Amino acid sequence: MLKIENLQVCYGPIMAIKGISVYVPQGELVCVIGANGAGKSTLIRTISGLNKPRSGMIEFEGKSIAGMPAHRIVDLGIVQVPEGRGVFPEMTILENLEMGAYLKRNKRMFKENQEKVYALFPRLKEREGQLAGTLSGGEQQMLAVGRGMMGNPKLLLLDEPSQGLSPLMVQHLSDAISVIHKQHSVTVLLVEQNARMALEIAERGYVLQTGKVVMEDSAASLLENKVVKEAYLGI
């Protein structure tokens, strides 16, 4: 579904992504783990069209999207849930969800997706008239993921969704991502500093270090890898 080869991305003279290759087959949940500054968010932003690659290939469903405007990439079915949640604080929960479906004019599809979101996160349904800016951090992350689902994604890009959340909320979010992937058949690319959470729900994983892929394997194998254990799992 998503194929990236020899991708390079720069911020001025600084190369943040140094010729990486990543493959996300249709129907899989693939994670990219790494420390702060590894280039994870840059990768997501480049796929989404928010950053322009210096060189390399990005293909989605066999079509080149490298350098394509962000709104056209969303229209193809690639939806990003940004780092830091990025909800619209002065809008209600319902209005935020409506923004997620902005490019989808089908009322039946809107209702179906809204029901999926409320089944995943019942708290959002209970408080749909509440301003997003008054929600807790965990509730805002639920809303950000729910807003992403309203776009009816073929590929959902999740950028550090567990950041700043309590262990209980991280588990709740992890369970929701698994449901999105398995029950709703959404292909997912998850980038996370929380390596354990990511590897426990993913099928395959990449380890990113200072803009380079230094390891690639099944998620189960990476969980048992000595280097990964020491560097990212604190074991």
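## Report on a predicted structure

Leaving aside neighbours within four places in sequence, Met215 is in contact (heavy atoms within 4.5 Å) with Gly205, Tyr206, Val207, Leu222, Asn225, Val227 and Val228. Met215 is part of strand S10. One of these partners, Val227, is twelve residues away from Met215 in sequence, and the C-alpha atoms of the two are 9.9 Å apart in space.

The model is predicted, so local features need pLDDT of at least 70 and side-chain atom pairs count only at pLDDT 80 or more, while totals for chains, interfaces and linings use all residues. Residues are numbered from 1 along each chain as its sequence is written, and side-chain values use heavy atoms, with hydrogens and water left out.

Helices (H or I, at least four residues) and strands (E, at least two) are DSSP runs, numbered from the N terminus. Two strands are said to pair if DSSP finds at least two bridges between them.

### The six-stranded sheet

Strand S10 (212-218) is one edge of an open sheet, and strand S6 (78-81) is the other; each pairs on one side only. The sheet has six strands in the order S6-S7-S8-S3-S9-S10, with mixed pairing. On average, and with direction ignored, neighbouring strands of this sheet are turned by 15° against each other. Such angles run from 0 to 180 degrees between N-to-C directions, and the axes are lines fitted to C-alpha atoms, for helices over the stretch in contact.

S6 and S7 run parallel and are joined by four bridges. In this pair, Gln80 stands opposite Leu157 in S7. Strand S7 (residues 155-159) also pairs in the parallel sense with strand S8 (residues 187-192), over five bridges. There Leu157 stands opposite Leu189 in S8.

In a regular strand the side chains alternate between the two faces of the sheet. Both faces of S6 are covered: Ile78 and Gln80 on one side are buried, as are Val79 and Val81 on the other. Buried means under 20% relative accessible area, exposed over 50%, and partly exposed in between (1.4 Å probe, protein chains only).

### The four-stranded sheet and helix H1

A further open sheet consists of four strands in the order S2-S1-S4-S5, with antiparallel pairing. Its edge strands are strand S2 (14-24) and strand S5 (63-64), each of which pairs on one side only. Strand S4 (residues 55-60) and S5 run antiparallel and are joined by two bridges. Glu59 has Ser64, in S5, as its bridge partner.

Helix H1 lies across strand S1 (2-11), S2 and S4, and runs at about 110° to S1. Seven of the eight residues of H1 (residues 40-47) are buried, so the helix is largely enclosed by the rest of the structure. The buried residues are Lys40, Ser41, Thr42, Leu43, Ile44, Thr46 and Ile47. Just after H1, Gly49 takes a positive phi of about 90°.

### Two helices in contact

The axes of helix H6 (residues 137-149) and helix H7 (residues 167-182) come within 10 Å and cross at roughly 10°. H6 and H7 are therefore roughly parallel to each other; angles under 35 degrees count as roughly parallel, over 145 as roughly antiparallel, 65 to 115 as roughly perpendicular and the rest as oblique. Gly138, Gln141, Met142, Val145 and Met149 of H6 meet Met169, His172, Leu173 and Ile180 of H7. The residues of this contact divide into six nonpolar, three polar and no charged. Here Ala, Val, Leu, Ile, Met, Phe, Trp, Tyr, Cys and Pro count as nonpolar, Asp, Glu, Lys and Arg as charged, and the others, Gly among them, as polar.

### Positive phi in residues other than glycine

Glu61 has a positive phi although it is not a glycine, and Arg85 likewise has a positive value in a residue other than glycine. The table sets out their positions and values.

| Residue | Phi | Place | Relative accessible area |
|---|---|---|---|
| Glu61 | about 50° | loop between S4 and S5 | 46%, partly exposed |
| Arg85 | near 75° | loop between S6 and helix H3 (93-100) | 15%, buried |

### Cysteines

The structure holds zero disulfides, a disulfide being a pair of cysteine sulfur atoms within 2.5 Å. Cys10 is partly exposed, with a relative accessible area of 21%, whereas Cys31 counts as buried at 0%.
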